Amino acid sequence: MIPSILIIEDDLTFSTMLKTWLGKKGFEVDTASSSSRAKKQLSARSYDLILSDLRLPDQDGIHLLAWLRNQSCTTPFIIMTSYAEIQTAVQAIKQGASDYIAKPVQPDELLKKIREAIQKPEQEVTTTDVQLGKTAPQSFLEGESEAAHQLFSYVRLVAPTQMSVLINGASGTGKEYVAHRIHELSKRNGKPFIAIDCGSIPKDLAASEFFGHIKGSFTGALNDKVGAFEEANGGTLFLDEIGNLSYEVQVQLLRALQERRIRRIGSTKEIEVDVRLISATNENLQEAIAKGNFREDLYHRINEFTLRMPDLKERPEDILLFANFFLDQANRELERDLIGFDAAASEALQRYSWPGNLRQLKNIVKRATLLARGEFITLHDLGDEILSQPASTPQTSSFVLHDEEMEKQRILNALQQTGNNKTKAALLLGIDRKTLYNKMKLYNIG
């Protein structure tokens, strides 16, 4: 028999796309856009699996799950959410959910979870599955802006290849995450990912960090040391700020990459190594070549494919998405339970120029989470760094509202303009879906 799935998702575009894709994978798929509609369909027929968004217009997915279990329905249930909150995951599993997946959904991961849930008895799933990392929170968010979509389409394109990748971008834009993501999506993902910050290595120790040394080979070499190339053998070696390497170490690095052999300092034995190199820099290496500070042959060796990391100010649609994502992380780390950002704080976040990019945003949100005394982060909690620096011109609709009635009316207008599509309404208002749902609940907007 063909396995049947009910998708409960109010984003009609995403729901349709998911239905089409799962249909091609051999499933019979129905959809519902709300908890109430899902209950009617579940009362009329049974399904082999339920795939539900956490945030729904009338009730959240956990309420629907509780209703199902009260009806003695043991159908496998997978929760989807844009914010991978470990507390929510544990709560869902305790209520009887089979699994938990974070958006943006990775198709292969979802398909694997669906097949496991259909084949795996409900009683075998425990909260330990979540706590051991099977549905652990995301460590990073890709974003929804055009710049983000383009970047990660290139990531998915180059990852399965063996090409050396050079990532260009300012500090704090997430270059190491992208490097790690390439490794995860590559054929080397079962082998080590070793990251080296070339900017923090003393010049006289760089060769030792890369290639290792034997005891007594130089002053201070008290023990044998395995270098990064050996540690990364079979996997991926990530060299951050590669432009800081001395000319001599550049020569040694080029030789190791070309010959696929290294020799520990003080040793005569050559060791074969197989590594994929991913490099990153915030410098213009072509200018460094012109000045004689970087070898041109090494540049071409490490630059078989180039990725450019956009600055945060180039992707304003993602600012509040990342702010809420970092708030979720801060809530877990600091054991807080803040809901979000108030209107004034949301506007300030969107207007700020973010010279320190995502790293700066994460630090400010974490500090504000610690300082906040209410349920929402306020403008005051964000601190002088946001208030005193020049702001860029806002490129998305600011959500500055002077009273609750005006705020409610703008939400209603946005929903009407977008045909009740929550994702599009949130974009129109310049906020994320999580904040929109919180506001709709606050004003009892059905």
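## A guided tour of the sheet and the cores

Begin by selecting β7 and strand β8 (residues 236–240), which pair in the parallel sense over 5 bridges. The coordinates on display are those of a predicted model. Within this pair, display Asp197 together with Asp240 of β8, which stands opposite Asp197.

Next, widen the selection to the whole sheet. Its 5 strands are arranged in the order β7-β8-β11-β6-β12, with parallel pairing, and the sheet is open. At its edges lie β7 (193–197) and β12 (305–308), each of which pairs on one side only. From one strand to the next, the twist averages 20°. Now add helix α7 (residues 146–158), which packs on the sheet and touches β6 (165–168), β11 (276–281) and β12. The direction of helix α7 makes about 155° with that of β12.

Remain with the sheet and select Ser279, located in strand β11. Is Ser279 buried or exposed? Ser279 has a relative accessible area of 0% and is therefore buried. Leaving aside neighbours within four places in sequence, display the residues in contact with Ser279: Val165, Leu166, Ile167, Phe238, Leu239, Ile242 and Ile302.

The tour now turns to the nonpolar cores. Select Leu349, Trp354, Leu361 and Leu382: of the 38 residues in the largest nonpolar core, these touch the most other members. To show where this core draws its residues, colour the elements that give two or more to it, namely α14 (319–334), α15 (343–351), α16 (357–371), α19 (404–417), α20 (422–429) and α21. The element giving the most is α14, with 8 residues.

Centre the view on Trp354. Which residues does Trp354 touch, not counting those up to four places away in sequence? They are Leu312, Ile319, Leu349, Gln360, Leu361, Ile364 and Ile386. For the second core, which is separate and has 31 residues, select Ile242, Val249, Val275 and Leu298, which are among its members. Ile242 has already appeared on this tour as a contact of Ser279.

The final stop is Lys439, placed in helix α21 (residues 433–442). Why does Lys439 count as buried? Its relative accessibility is 10%, and buried means under 20% relative accessible area. To conclude, draw a distance between the C-alpha atoms of Lys439 and Ile411: the two residues are 28 residues apart along the chain, and these atoms are separated by 8.4 Å.

Methods:
Residues numbered from 1 in each chain as written. Predicted model: local features only at pLDDT ≥ 70, side-chain atom pairs only at ≥ 80, totals over all residues. Heavy atoms only, no water. Pairing = 2+ DSSP bridges. Helix = DSSP H or I, 4+ residues; strand = E, 2+ residues; numbered from the N terminus. Axes fitted to C-alpha atoms, helices over the stretch in contact; angles between N-to-C directions. Contact = heavy atoms within 4.5 Å. Buried < 20%, exposed > 50% of the residue type's maximum accessible area, 1.4 Å probe, protein only. Core = buried A, V, L, I, M, F, W, Y, C linked by side-chain atoms within 4.5 Å.
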